[in-house]
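Welcome, and please take a moment to turn the model around before reading on. The paragraphs below are meant to be read with the structure in view.

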Amino acid sequence: MSEDFKYTIIILAKNENILLCQKIHELTSQNIKDFLIIVANYGSVNLPPNKRIMVLNNCCNGIYDSMNQAIKYVSTKYYIVAGLDDEILIRNISKVDFKRNDHDIIIFKVIKDNKQYSYFRPSMVSRGPTGVFPSHTVGLLIKTSLHEKYGMYSLRFKVISDCYFIGKAILGGCTCKLINLTSGIVGSSGYSFQNQFLSEKECFEVRRELGLNLILNYYLYFIRILRRLIKKATYKTIKNI
């Protein structure tokens, strides 16, 4: 473990070298230096040498494979994931007292669509599995050693493998703590935002694997799909007015 650093930021990038360089500059130009950075990049980029930054190029087998590749190189006790469209509030994350909060998962407040979200609902694991916490990206500090017990992010899911992994960990008894700090602003261009119906299909599969009653699972699947269809139709109607 890297004792001099509290956590690692895993940045997922996809051939957006200008944005990536801006993000790296934004993070490294601050006075706080208690974190490392690992970039999992879909393409190839050369960044100025920095002992706190590692770049993994050609991570082109999906977001969860990219995350798994990055986690193999995490040397800190915790890591947090971010995309290029997310804003990471370094000062708040670094306020965490890691000696007093030695939990497996530390859950932060996040801002999405100009609203602040703060909750932890473990009962939603088998009925969601979304809605357990505000956001995986920039919203969770995850203890790296959890992957030794619960495995890496499953490549069977393209959208919600993070919910599946964390759901398994919660049901397995990992310790979680919701703290009164805002860790970031979540962007809206993520894969799950663009693939909402695939997300619902995978939620159905995850609920089944986590042991939810089959009839209730189908009921939730129907209700959630119907809700999305109504929302989509309403948006089109308003747009055409």
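What follows is a walk from the overall fold to the interior and then to a few individual residues.

Keep in mind that this is a predicted model. The protein chain holds eight helices and nine strands. How compact is the chain for its length? Its radius of gyration is 18 Å, close to the 18 Å that the globule rule gives for 241 residues, so the chain is as compact as a globular protein of that length. Measured out along the principal axes, the C-alpha atoms occupy a box of roughly 50 × 45 × 35 Å. Buried residues account for 50% of the 241 in the chain. As for the outside, about 12700 Å² of the chain is exposed, and carbon and sulfur atoms supply 53% of that area. The chain carries 33 positive and 19 negative charges, and the mean positions of these two groups are 6 Å apart. The contacts tell us how the chain is folded back on itself: among those between residues at least 6 apart in sequence, 73% join residues at least 24 apart.

Now let us step inside. In soluble globular proteins, nonpolar side chains tend to be buried together. Here the largest nonpolar core has 37 residues, and the members that touch the most others are Ile10, Tyr79, Ile142, Leu146, Tyr153 and Ile166. Helix α5, residues 161–171, gives this core its largest share, namely six residues. A second core, separate from that one, is made of 31 residues, including Tyr7, Leu20, Ile53 and Leu84.

Leu146 is a good place to pause. Which residues does Leu146 contact, once its neighbours within four places in sequence are set aside? They are Asp104, Ile105, Gly151, Phe165, Ala169 and Cys174. Two of these, Phe165 and Ala169, are also listed among the buried residues of α5.

That brings us to α5 itself. Is this helix mostly covered or mostly open? It is mostly covered, with nine of its eleven residues buried. Among them are Ser161, Asp162 and Cys163, as well as Tyr164, Ile166, Gly167 and Ile170. The cover over these buried residues includes the helices α2, α4 (146–150) and α7 (196–209), along with the strands β6, β8 and β9.

After α5 comes Gly173, which has a positive phi near 100°. Gly173 sits in the loop between α5 and β9 (176–185). With a relative accessibility of 57%, Gly173 counts as exposed, because the cut-off for that word is over 50%. Although Gly173 and Asp104 are 69 residues apart along the chain, their C-alpha atoms are separated by 9.7 Å. Asp104 is also one of the contacts of Leu146.

Helix α7, part of the cover over α5, contains Glu200. Is Glu200 buried or exposed? Its relative accessible area is 2%, so Glu200 is buried, as buried means under 20%. Not counting residues up to four places away in sequence, Glu200 touches Tyr221, Arg224, Ile225 and Arg228.

A strand offers another buried residue to look at. Ile88 belongs to β5, which spans residues 87–88, and its relative accessible area of 5% makes it buried. Beyond its neighbours within four places in sequence, Ile88 is in contact with Ile9, Leu27, Ala82, Ile93, Val138 and Ser183. The C-alpha atoms of Ile88 and Thr137 are separated by 9.5 Å, while the two residues are 49 apart along the chain.

Finally, have a look at some details of the backbone. Most residues other than glycine have a negative phi, and most peptide bonds are trans. Which residues depart from the habit for phi? One of them is Asn58, with a positive phi of about 60° although it is not a glycine. Asn58 is placed in the loop between β3 (53–56) and α2 (63–71), and it counts as exposed at 53% relative accessibility. Asn114 likewise has a positive phi, about 65°, without being a glycine. The loop between β6 (105–112) and β7 holds Asn114, which counts as exposed at 80% relative accessibility.

The peptide bond between Gly128 and Pro129 is cis, with omega about -5°. Pro129 can be found in the loop between β7 (115–117) and β8 (140–143). The strand β8 that ends this loop has appeared before, as part of what covers the buried residues of α5.

Definitions and conventions: Residues are numbered from 1 along each chain as its sequence is written. This is a predicted model: local features need pLDDT of at least 70, side-chain atom pairs count only at pLDDT 80 or more; totals for chains, interfaces and linings use all residues. Side-chain values use heavy atoms; hydrogens and water are left out. A nonpolar core is a set of buried Ala, Val, Leu, Ile, Met, Phe, Trp, Tyr and Cys residues joined through side-chain atoms within 4.5 Å. Buried means under 20% relative accessible area, exposed over 50%, partly exposed in between (1.4 Å probe, protein chains only). Helices (H or I, at least four residues) and strands (E, at least two) are DSSP runs, numbered from the N terminus. Contact means heavy atoms within 4.5 Å. The radius of gyration is taken over C-alpha atoms; the globule rule is 2.2 Å times the number of residues to the power 0.38. Accessible areas come from the Shrake-Rupley method with a 1.4 Å probe; for residues, only the protein chains shown count as cover. Lys and Arg count as positive and Asp and Glu as negative; His and the chain ends are not counted. The place of a charge is taken as NZ of Lys, CZ of Arg, CG of Asp or CD of Glu.
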